[in-house]
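Here are some exercises to work through with the model open beside you. Try each task before you read its solution.

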Amino acid sequence: MTAMHEMYYEKRAQVLIKNLKSRHFDAYYCPTKEQALEKALELIGKEATIGWGGAMSAQQIGLMQALNEGGYRTIDRDKCATPEEKLQAARDSMFADVFLTGANAISLDGQMVNIDGSGNRVAAIVYGPKEVLVIAGMNKVMDTLEDAVTRARTVAAPLNQQRFQLPNPCTTTGTCADCKSQTCICNQILITRNCRPEGRIKFILVGEDLGL
Ligand code: SF4
């Protein structure tokens, strides 16, 4: 990251935070992964139950490791032995005190776009967990909502598909074909444009490139 990138991200973050707050989200800017981890741990109470979904950026700042090592009450689907246990953990996350997730894109005017296959992640963003903590790199911030939806659909989803390798067109071509496959990972497209109750959804914006 060059000094120019750092200044660019910091200035855009200032604009974005003002716009997120106008929509009743809480938002913080951390220039580095290390500062973001510190802020996340400050925001998550030691007594909280914590679930997550689509939270690669939280992984990348070391948050899951810190929670596990710190003895937090996590609902970790990766520790489940069977598909049934994983499904139950996803359901349990709907009642978590804190749900950790990422953003496929955020528009500079303060709206978040997320795409989901099974829907557990977007469901938890909409309703259920007491708080939602979004960790997102500034690479996810687009100038307009239209650009944010385009990023989510044509960059984040085909990239994510390279991880899952399901038999969808973008697995082969790297390009979204707006498919209706049985295995499509783009079944739900959520725009979160305002936050109620106030402050339920919190953003930690990181001045580094994170996630997909
Ligand atoms: S081709 Fe299908 S699975 Fe792939 S990004 Fe487009 S809608 Fe999603």
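**Exercise 1. Classify Glu-34: how exposed is Glu-34?**

Step 1. Locate the residue: Glu-34 sits in helix 2, where helices (H or I, at least four residues) and strands (E, at least two) are DSSP runs numbered from the N terminus.

Step 2. Apply the cut-offs: a residue is buried if 20 or more other C-beta atoms lie within 10 Å of its own, exposed if 12 or fewer, and partly exposed in between, with C-beta atoms placed from the backbone.

Step 3. Glu-34 has 13 C-beta neighbours inside 10 Å, so Glu-34 counts as partly exposed.

Step 4. For a spatial reference, the C-alpha atoms of Glu-34 and Leu-63 are separated by 9.8 Å, with their positions 29 residues apart along the chain.

Before going on, note that this is a predicted model, in which local features need pLDDT of at least 70 and side-chain atom pairs count only at pLDDT 80 or more, while totals for chains, interfaces and linings use all residues. Residues are numbered from 1 along each chain as its sequence is written.

**Exercise 2. Find which residues of helix 2 are buried, and what they pack against.**

Step 1. In helix 2 (residues 33-43), the buried residues are Ala-36, Leu-37 and Ala-40.

Step 2. Viewed down the axis, these buried residues fall within an arc of 100°, so they line one face of helix 2; the arc is that of the directions from the helix axis to the C-beta atoms.

Step 3. Their packing partners are strand 1, helix 4 (63-69), strand 7 (131-137) and strand 10. Two residues are in contact here if their C-beta atoms, placed from the backbone, lie within 7 Å.

**Exercise 3. Check the span of helix 1 and sort its two sides.**

Step 1. The expected span of a helix is 1.5 Å times one less than its number of residues. For the 20 residues of helix 1 (residues 3-22) that should give 28 Å, and the end C-alpha atoms are 29 Å apart, which agrees.

Step 2. Tyr-9, Ala-13, Leu-16 and Leu-20 are buried in helix 1. They cover an arc of only 80° around the axis, which puts them on the same side of helix 1.

Step 3. Exposed on the other side of helix 1 are Ala-3, Met-4, Met-7, Lys-11, Gln-14, Lys-18 and Ser-22.

Step 4. The cover over the buried residues of helix 1 includes strand 1 (26-30), strand 5 (105-107), strand 8 (141-142) and strand 10 (201-206).

**Exercise 4. Describe the largest nonpolar core and the contacts of Ile-204.**

Step 1. A nonpolar core is a set of buried Ala, Val, Leu, Ile, Met, Phe, Trp, Tyr and Cys residues joined through C-beta atoms within 7 Å.

Step 2. The largest such core has 56 residues, and Leu-100, Val-134, Ile-135, Ala-136, Ile-204, Leu-205 and Val-206 have the most contacts inside it.

Step 3. Setting aside residues up to four places away in sequence, Ile-204 touches Tyr-28, Cys-30, Ala-36, Lys-39, Ala-40, Leu-133 and Ile-135.

Step 4. As background, nonpolar side chains tend to be buried together in soluble globular proteins.

**Exercise 5. Describe the shell around the ligand: which residues are the closest, and which helix gives the largest share?**

Step 1. A residue is near a molecule if its C-beta atom, placed from the backbone, lies within 6 Å of it. The ligand is surrounded by 14 residues, the closest being Ala-157, Cys-170, Cys-176, Cys-179 and Cys-186.

Step 2. Helix 7 (145-164) and helix 8 (169-173) each supply at least two residues of this shell. Helix 7 gives the largest share, three residues.

Step 3. By type, the shell has ten nonpolar, three polar and one charged residue. Here Ala, Val, Leu, Ile, Met, Phe, Trp, Tyr, Cys and Pro count as nonpolar, Asp, Glu, Lys and Arg as charged, and the others, Gly among them, as polar.

**Exercise 6. Look at the backbone geometry of His-24, Asp-178 and Pro-197.**

Step 1. Most residues other than glycine have a negative phi, and most peptide bonds are trans.

Step 2. His-24, in the loop between helix 1 and strand 1, has a positive phi near 75°. With 15 other C-beta atoms within 10 Å, His-24 is partly exposed.

Step 3. Asp-178, in the loop between helix 8 and strand 9, has a positive phi near 50°. Asp-178 is exposed, with 10 other C-beta atoms within 10 Å.

Step 4. Arg-196 and Pro-197 are joined by a cis peptide bond, with omega about 0°. Pro-197 belongs to the loop between strand 9 (188-192) and strand 10.
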